[in-house]
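Visitor: I am new to this structure and would love a tour. Could you take me through it step by step?

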Amino acid sequence: MANKKIPMRQCVGCREMKPKRDLIRVIRTEEHTVCLDPTGKKNGRGAYLCLNRECLQRAVKSRGLEHSLKTAIPEEIYAEFEKEMERLETR
């Protein structure tokens with residue numbers, strides 16, 4: 001029996017390769033809105049982040065998310081992400 005390959009993705013905050021299931025997807029939709037995609041199945045250009053605030057802060061500082069999604073991201077969206085990550089971290 002062949003071992004099942006685990007899909008790996010790179011976090012835009014810490015730049016580490018991790019299993020896709022351990023990361024949260026951030027997408028830019030066709031309407032150019034940016035949002036979190038906890039299911040990982042929505043349509044749009046995606047980037048991945050670890051489920052912790054340090055990686056989010058690193059991605060904000062390095063503008064990693066903006067580069068990956070090829071769009072400017074307003075501060076309110078980052079604040080929204082921080083609240084959402086807090087909610088997901090406590091699960």
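**A walk from one residue to the core**

Guide: Welcome! This is a predicted model. Let us start at Leu49: beyond its neighbours within four places in sequence, Leu49 is in contact with Cys11, Val12, Gly13, Leu23, Ile24, Val26, Cys55, Leu56, Ala59, Leu65 and Met85.

Visitor: Which residues touch the most other members of the largest nonpolar core?

Guide: The largest nonpolar core holds 23 residues. Strand 3, strand 4, strand 5, helix 1, helix 2 and helix 3 each give it at least two residues. Those touching the most other members are Val26, Leu49, Leu65 and Phe81.

Visitor: Which element supplies the largest share of this core?

Guide: The largest share amounts to five residues. The element they come from is helix 3.

Visitor: What distance separates the end C-alpha atoms of helix 3?

Guide: Helix 3 runs over 75-89. With 15 residues at 1.5 Å a residue, helix 3 should span 21 Å. The model agrees with this, because the end C-alpha atoms of helix 3 are apart by 21 Å.

Visitor: How wide an arc do the buried residues of helix 3 cover around the axis?

Guide: The buried residues of helix 3 are Ile77, Tyr78, Phe81, Met85 and Leu88. They lie on the same side of helix 3, because the arc they cover around the axis is only 95°. An α-helix has 3.6 residues a turn, so residues three or four places apart point the same way. The arc asked for is 95°.

Visitor: Which exposed residues sit on the face of helix 3 turned away from its buried side?

Guide: The buried residues of helix 3 pack against strand 3, strand 4, strand 5, helix 1 and helix 2. The face turned away from that buried side carries the exposed residues Glu75, Glu76, Glu80 and Lys83.

Visitor: Is strand 3 largely enclosed or largely open?

Guide: On one side of strand 3, Leu23, Arg25 and Ile27 are buried, and on the other Ile24, Val26 and Arg28 are buried. That makes six of the six residues, so strand 3 is largely enclosed.

Visitor: Which residue of strand 5 stands opposite Ile27?

Guide: Strand 3 and strand 5 run antiparallel, joined by six bridges. Opposite Ile27 in strand 5 stands Gly46.

Visitor: Which residue in the turn between strand 3 and strand 4 has a positive phi?

Guide: Strand 3 and strand 4 pair antiparallel over four bridges, with Arg25 opposite Asp37. The two strands form a hairpin with five residues between them. The turn residue with a positive phi, about 65°, is His32.

Definitions and conventions:
Residues numbered from 1 in each chain as written. Predicted model: local features only at pLDDT ≥ 70, side-chain atom pairs only at ≥ 80, totals over all residues. Heavy atoms only, no water. Core = buried A, V, L, I, M, F, W, Y, C linked by side-chain atoms within 4.5 Å. Buried < 20%, exposed > 50% of the residue type's maximum accessible area, 1.4 Å probe, protein only. Contact = heavy atoms within 4.5 Å. Expected span 1.5 Å × (residues − 1). Arc of directions from axis to C-beta. Pairing = 2+ DSSP bridges.
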